[in-house]
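Please find below a short note on this structure, arranged as numbered points. It may be read alongside the sequence and the 3D view.

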Protein chains: 2
Amino acid sequence: MDRRQKKTRRAILASFRALLEKKRYEHITVQEIIDGADVGRSTFYSHFETKDMLLDALAGEIFQHIFEDDPCPWVGKDGELEGKLSHILWHIRAERENLAGVLLSDSGELFMGYFKNHLKAVFTQYIDNFTQDVPRGFLIEYLSGSFAETVRWWIKEGMKTSPEDVAKYFMGMVNRK
Amino acid sequence: MDRRQKKTRRAILASFRALLEKKRYEHITVQEIIDGADVGRSTFYSHFETKDMLLDALAGEIFQHIFEDDPCPWVGKDGELEGKLSHILWHIRAERENLAGVLLSDSGELFMGYFKNHLKAVFTQYIDNFTQDVPRGFLIEYLSGSFAETVRWWIKEGMKTSPEDVAKYFMGMVNRK
DNA sequence: AATGATACCGAACAAAGTGTTCGAAATATA
DNA sequence: TATATTTCGAACACTTTGTTCGGTATCATT
């Protein structure tokens, strides 16, 4: 990939992210984005078909890092839900600047939607070892919603709590005795 | 209020709601709304300052009914969280057509935001009788997110489960032994 | 019914935003 | 240096927004 392309793409995404912290997504114009990125109008449209595609690209880029299965310093049992969640929380902390900007913005709910979809996939996969007396569909929606909101609380609090404690709170709520 | 005003307002809201089931909020134009409502352009703007105000009005109208404290056939202990939630669930079922249209739409996350804000107020009020070993702020976010998602699941499933069972599932998840 | 008051219509308007095109200029790669 | 690729920027047609205003329809009252 050409250096110029990478540079331009990064500039556009950065400008877009900065604008998201100031106003709602639907009120952001392409003109503002390219002004912030210092990029020509036609250049923008050669990179992104539409503003929605830019949103998808940004969300994809952020959550891709968080939900990938690469190794991380976290130690714990693999294949179990608690381990997977700790893994994810660790990645989230590594991406805190990026995530905080979008999840706490006025368009936060938009990104919560993306976030919950990723989480649903995770819970769908890991829910087997988690027998319950409630319907499976209910459980997946419940866990995705509560975990996403837990993470947003964590970020809002400035991540004072450790990822381990967050996972503990969450699992404690889910499986309290 | 004049009959004409009520009629026009209802027509606009109905048209808006119908459009929300077809496309995302930000792609809906005022032109489409007034075409669907069969109403003049200036009339629209004499009722709603902007499209965002229309969104607020719709959300307000829907959730107002759900969160009001009027009497309902549900019987249970007042002043307790479980009772309050049953009350809310009962109202939700009464408004199912309205709620399903917006919560399951492509703009669902937008309305989930409104929904969660209302829920936060409820949980903030009722959380006292609910001592936990987790931070209060965390608890409120957690419960709002999980309850909102629970309700969306309920609606998506066609509300086959009874409100009582939904409340049971939810409280069971929150306070399992 | 007649009469004010009020709400609606619809056409026209300026302003702003969208998405495209194209030749010239800048920059990468070999 | 030569060549391919990317960017620039201005111009373009088009859509959407929000306002204005004179004329018309509808309401509540007597």
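The points below treat the surface near the DNA first and the relation between the two protein chains afterwards.

1. The model is predicted. The values in this note should accordingly be read as computed from a predicted model.

2. Which residues come nearest to DNA strand C? There are 18 residues around this strand, and those that come nearest are A:Arg4, B:Gln5, B:Thr8, B:Gly40 and B:Ser42.

3. Three side chains may be examined one by one. In A:Arg4, a side-chain N or O atom is 2.9 Å from a base oxygen of DNA strand C. For B:Gln5, the partner is a phosphate oxygen of DNA strand C, which lies 2.3 Å from a polar side-chain atom. The side chain of B:Thr8 likewise has an N or O atom 2.6 Å from a phosphate oxygen of DNA strand C.

4. The elements that each give two or more residues to the surface near DNA strand C are helix H1 (3-20) and helix H3 (41-47) of chain A, together with helix H1 (3-20) and helix H3 (41-47) of chain B.

5. By residue type, this surface near DNA strand C comprises eight polar, seven charged and three nonpolar residues. On the DNA side, 64% of the strand C atoms within 4 Å of the protein belong to sugar or phosphate, and the rest belong to bases.

6. How are chains A and B related? A turn of 180° with a shift of 0.0 Å along the axis lays chain A on chain B with an RMSD of 0.0 Å. The two copies are therefore related as by a two-fold rotation axis. Both copies use the same surface, as 100% of the contact residues of chain A recur in chain B.

Note on methods
Residues are numbered from 1 along each chain as its sequence is written. Chains are lettered from A and ligands numbered from 1 in the order in which they are written. This is a predicted model: local features need pLDDT of at least 70, side-chain atom pairs count only at pLDDT 80 or more; totals for chains, interfaces and linings use all residues. Side-chain values use heavy atoms; hydrogens and water are left out. A residue is near a molecule or strand if one of its heavy atoms lies within 4 Å of it. A polar contact is a pair of N or O atoms within 3.5 Å; within protein, one must be able to donate a hydrogen and the other to accept it, and residues adjacent in sequence count only if both atoms are side-chain atoms. Helices (H or I, at least four residues) and strands (E, at least two) are DSSP runs, numbered from the N terminus. Ala, Val, Leu, Ile, Met, Phe, Trp, Tyr, Cys and Pro count as nonpolar, Asp, Glu, Lys and Arg as charged, and the others, Gly among them, as polar. Copies are superposed by least squares on the C-alpha atoms of residues with pLDDT of at least 70 in both. Contact means heavy atoms within 4.5 Å.
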